[in-house]
Amino acid sequence: MADITVQHLAKVVGTSAEKLVEQLKDAGVKGKTITSTLSEDDKVKLLTYLRESHGKAKKDISAPKKMTLKRKTTVTELKQAKGRGASSVSIEVRKKKTLGRSAEEIATGLSSDELEEAKRAAQAHQDLVQEQGAAREKEQERASKKQEALDKIEAEKQAKLAEEKAILEAEQAKEAAKKAAAEAEEAAKRAELEAKQKPEPQPEPEPKSEPVEEPKIKIASPEIMARVKAEADAKKAKELGRKTDKKKAGSKFGGGILHVDKKPRRNKKKGGGKTRDIRLESNGKHGFEVPTKSIVYSVEIPESIIVSDLAQRMNVKAGEVIKTLMGLGTMATINQPLDQETAVIVVEEMGHKVVLRSDEDIQAELLADVIEKDGKEEPRGPVVTIMGHVDHGKTSLLDYIRESRVAAGESGGITQHIGAYRVKQGDSMVTFIDTPGHAAFTAMRARGAQITDLVILVVAADDGVMPQTKEAVEHARAAGVPMIVAVNKMDKEGAQPDRVRNELSQLEVTPEDWGGDTQFVNISALKGDGVDELLEAIALQAELLELSAPVDVAATGVVIESRLDKGRGPVATILVQKGTLNMGDYLVAGEAHGRVKAMFDEHAKAVKSATPAVPVEVLGLSSATEAGVEVYAAPSERKAREIAEFRQNKSKQARQAKQQAAKLEQAFSQMEDGDSATLNVLLKTDVHGSLEALKSSLTNLSTDEVKVSIVAAGVGGINESDVNLAAASDALIIGFNTRADASARRMIENRGVSVRYYSIIYDVIDDVRDALSGLLAPDIKEQIVGIANVRDIFKSPKLGAIAGCMVTEGYVKRDLPIRVLRDNVVIYEGQLESLRRFKDDVQEVKSGMECGIGVKNYNDVQDGDQIEVFERIEVKRKL
């Protein structure tokens with residue numbers, strides 16, 4: 001089919017060529033001008049676009065259609081003579097004819113229907129464009145009329161305001177004229193009064209007319225009128241015996257005149273005296289201007305922050321922060337801690353800048369002024385930690401070295417505290433730290449390995465390597481300190497030092513004589529054999545380490561142990577690591593701070609200073625701090641308090657977050673598993689190390705069914721508040737090496753609180769484990785006691801079906817649970833209601849005897865069934 005130009009198609013359709021080019025562009029046929037030719041695809045795209053723009057369904061118009069008309073059928077009969085008679089033949093003529101196409105159809109390549117549809121679509125599009133243009137013109141006309149109306153209203157408003165202004169100015173002028181007339185009349189009266197007071201006679205009989213006319217001439221001068229008015233007011237105030245009103249002297253919105261007397265008040269005469277005028281000028285504007293721009297703060301956000309603190313840093317109310325959190329889908333209270341991510345979102349939402357700060361950076365800034373890095377290094381003695389399994393002879397070895405009897409005084413023969421002692425070895429002093437070997441004191445052993453220079457691992461030759469021995473090796477290796485192995489109890493029969501070497505070599509602790517780098521020394525702590533060789537090995541190792549520390553700087557160290565002494569208050573055992581600690585120094589230790597009031601060495605002798613590697617007991621801290629925290633000598637009390645308060649706030653936020661998480665966790669666990677049995681415990685110990693070990697050990701006893709809840713824990717004696725808390729929470733009070741005071745004992749008796757005293761840690765763990773075992777639900781076991789075979793069924797008017805049975809195994813007892821079996825399948829489980837032998841009710845029928853059995857609430861017992869009698873036995877469980 002021949003292609004046509006855009007101009008020709010526009011003429012055929014009945015529209016302009018420019019509009020047809022735009023429609024082709026909208027239809028996706030670009031780059032066409034008036035003289036461009038259109039292909040069949042271009043015309044199809046144009047038609048499709050025109051159909052879709054008028055809301056008609058899309059059709060397949062990929063090819064032009066042909067219309068075939070079927071003409072009316074014509075039937076013709078032909079008669080012919082054949083043979084004797086005549087016959088007729090019907091002839092049906094059917095012709096097909098293809099409809100002729102017009103010139104427009106041939107030129108455009110479209111069928112007549114498609115051409116008409118294209119014309120209608122073009123006309124509709126043209127009508128739509130005309131309607132839109134008319135609507136725009138109508139909208140513009142309406143907008144112009146609206147603007148004219150607004151302009152008219154504004155003009156009327158301005159005219160009305162001008163009229164009101166003119167009326168107001170006229171009234172003000174009228175008031176001014178009246179005021180001036182009144183002032184002139186007052187001036188005339190005053191002049192008349194002065195004229196009467198003069199001694200000379202007046203030549204004129206009526207002097208009133210002349211003073212009245214004179215001030216009227218001066219009305220036009222405002223300065224004169226103001227002065228006249230001020231003089232009149234001042235004279236009137238003097239006549240009444242009171243001062244001039246100060247509020248009239250200085251107007252609130254404008255300037256005023258302040259009258260100041262030239263002479264003191266006592267020299268004034270009635271009706272006399274002159275005043276000088278001080279004119280105060282003001283522009284009538286308020287001094288405060290409302291800020292037009294919001295203030296943006298740079299808010300420092302630590303890792304955790306309380307809602308109230310965040311609001312204070314942004315200088316807004318806490319309610320605004322809570323409202324913002326609610327908008328973000330978080331419900332919070334004023335004292336609830338927020339994590340850093342949530343706080344950042346809140347600050348950005350409120351339009352402020354965020355400055356992220358980590359707790360380590362803040363603490364480092366606080367400690368920057370405290371820690372002194374420069375100082376002259378001087379040699380110091382080694383710090384040696386003795387570690388090993390429980391009852392392998394650690395304290396006995398130290399006892400022999402110190403030539404004392406420490407082990408005999410330990411509760412249960414085991415060490416439960418970290419002890420620090422100094423022993424003279426050669427020209428230097430060696431500090432020994434004794435750690436507990438019990439499994440509960442893992443944290444103590446780890447702390448001892450971290451603060452030491454050398455570890456002595458004590459292993460019993462008869463026991464070999466035990467669990468805490470392995471743990472001690474891991475702690476020493478993690479701390480990166482050298483180790484010396486002391487093979488103890490060589491005086492006992494059955495000692496196998498080679499076994500110890502072999503087992504330790506499996507832990508990669510290889511002796512020197514086996515090609516390793518670890519010294520092994522065979523000793524006997526009881527007799528002292530090999531102890532001198534051990535001390536020489538310590539001295540050799542210390543010499544290789546070349547230990548030194550600055551002395552003339554501020555002291556730093558670590559808290560080995562702390563306790564609460566009833567007479568002296570908080571007492572902390574501190575190992576000085578650097579610098580010199582003196583009497584009167586300000587200290588910060590963890591969350592505690594204070595001033596050194598007294599210091600004592602390991603022999604309880606008072607000392608005034610402590611150099612590196614020296615352990616001392618320090619009095620003067622604000623509280624018994626945790627063991628293992630670092631100690632710093634602060635330059636001032638303010639600095640020490642600032643660091644301690646920062647740590648207290650950090651600990652408080654962490655504690656609140658933990659409590660919030662515990663509440664949620666407890667709620668979810670109760671929803672999932674139901675309520676579990678809980679043993680509440682209030683724990684009081686003598687030192688922080690024991691408290692730490694007991695809390696960890698008791699918490700580890702908890703299971704899914706029974707739990708240990710530490711409602712409170714602290715260091716010191718048991719007081720009245722502890723008893724009240726235990727009574728309120730139904731808790732067991734455990735005192736470890738502590739006792740209740742007199743008032744607390746009376747309250748314990750009155751309120752019936754359970755208190756247990758202990759001095760050995762494994763006794764506490766065993767008793768709490770037994771108590772938790774009592775809270776466990778017992779196991780229910782079933783035990784079959786007898787089997788009866790059903791031989792016949794009898795009907796009873798009172799009991800229903802009665803089974804006549806023969807007891808074949810065990811015995812049948814009344815009120816025991818039973819099961820009815822048919823073909824070895826349980827069909828019913830219930831209770832044995834009645835048991836008879838002949839006509840007598842009996843309690844029990846033994847094997848080989850006949851009986852009648854009535855099953856409670858079941859009447860379908862059949863001949864051949866078996867009745868199995870059993871009993872349920874409760875078996876107590878243990879953790």
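Reader: How many bridges join strand 21 to strand 28?

Author: Good place to start, and please keep in mind that this is a predicted model. Strand 21 covers residues 556-565 and strand 28 covers residues 630-634. The two run antiparallel, and one position to look for is V558, which stands opposite E630 in strand 28. The number of bridges joining strand 21 to strand 28 is three.

Reader: In what order do the strands of the barrel close?

Author: Six strands take part, and their pairing is antiparallel. From one strand to the next, the twist averages 45°. Strand 21 and strand 28, joined by three bridges, stand at the two ends of the written order, which is where the ring closes: 21-22-27-25-24-28.

Reader: Now the open sheet: which strands are its edge strands?

Author: This sheet has four strands in the order 30-29-31-32, with parallel pairing. An edge strand here pairs on one side only. Neighbouring strands of the sheet are turned by 25° against each other on average, direction ignored. The edge strands are strand 30 (706-715) and strand 32.

Reader: How many bridges join strand 29 to strand 30?

Author: These two strands run parallel. To find them in the picture, look for T685, which stands opposite V715 in strand 30. The count of bridges joining strand 29 to strand 30 is nine.

Reader: On strand 31, which residue is the bridge partner of L682?

Author: Strand 29 (residues 677-685) pairs with strand 31 in the parallel sense over five bridges. L682 finds its bridge partner in strand 31, and that partner is I733.

Reader: And in strand 32, which residue is the bridge partner of F736?

Author: Strand 31 and strand 32 (residues 755-758) run parallel and are joined by four bridges. In strand 32, the partner of F736 is Y758.

Reader: Which helix does the chain pass through from strand 31 to strand 32?

Author: Follow the chain onward from strand 31 and you trace a β-α-β crossover, which is right-handed. The helix on this path covers residues 742-751, and it is helix 21.

Reader: Is strand 31 enclosed or open?

Author: Start with its two faces: L732, I734 and F736 on one side are buried, and I733 and G735 on the other are buried as well. Five of the five residues of strand 31 (residues 732-736) are therefore buried, so the rest of the structure leaves this strand largely enclosed.

Reader: At about what angle does helix 22 run to strand 29?

Author: Two helices are worth finding here. Helix 19 (residues 688-699) lies across strand 29, strand 30 and strand 31, and runs at about 170° to strand 30. Helix 22 (residues 761-775) lies across strand 29, strand 30, strand 31 and strand 32, and its angle to strand 29 is about 160°.

Reader: How far apart in space are E705 and T678?

Author: E705 lies in the loop between helix 19 and strand 30. With a relative accessible area of 37%, E705 is partly exposed. In sequence, E705 and T678 are 27 residues apart, while from C-alpha to C-alpha their distance is 8.5 Å.

Reader: Is H352 buried or exposed?

Author: You will find H352 in the loop between helix 11 (340-349) and strand 12 (353-356). Its contacts include I295, V296, M314 and V347, and its side chain reaches the backbone nitrogen of Y297 at 3.1 Å. The relative accessible area of H352 is 11%. Buried means under 20%, so H352 is buried.

Reader: What is the phi of K489?

Author: Most residues other than glycine have a negative phi. K489 sits in the loop between strand 18 (483-488) and helix 16 (497-506), and is buried with a relative accessible area of 16%. Although K489 is not a glycine, its phi is positive, at about 60°.

Reader: What is the phi of D815?

Author: D815 lies in the loop between strand 34 (800-813) and strand 35 (817-822). This residue is not a glycine, yet its phi is positive, at about 70°.

Reader: To finish, what share of the residues of the protein count as buried?

Author: Let's step back to the whole protein, which has 22 helices and 40 strands. Its accessible surface comes to about 53800 Å², with 49% of this belonging to carbon and sulfur atoms. Of the 879 residues, the share that count as buried is 38%.

Conventions. Residues numbered from 1 in each chain as written. Predicted model: local features only at pLDDT ≥ 70, side-chain atom pairs only at ≥ 80, totals over all residues. Heavy atoms only, no water. Buried < 20%, exposed > 50% of the residue type's maximum accessible area, 1.4 Å probe, protein only. Pairing = 2+ DSSP bridges. Right-handed = clockwise from strand over helix to strand, strands pointing away. Areas by Shrake-Rupley, 256 points an atom, 1.4 Å probe, with all protein chains shown as cover. Axes fitted to C-alpha atoms, helices over the stretch in contact; angles between N-to-C directions. Polar contact = N/O pair within 3.5 Å; in protein donor to acceptor, adjacent residues only side chain to side chain. Contact = heavy atoms within 4.5 Å. Lists of a residue's contacts leave out its neighbours within four places in sequence.
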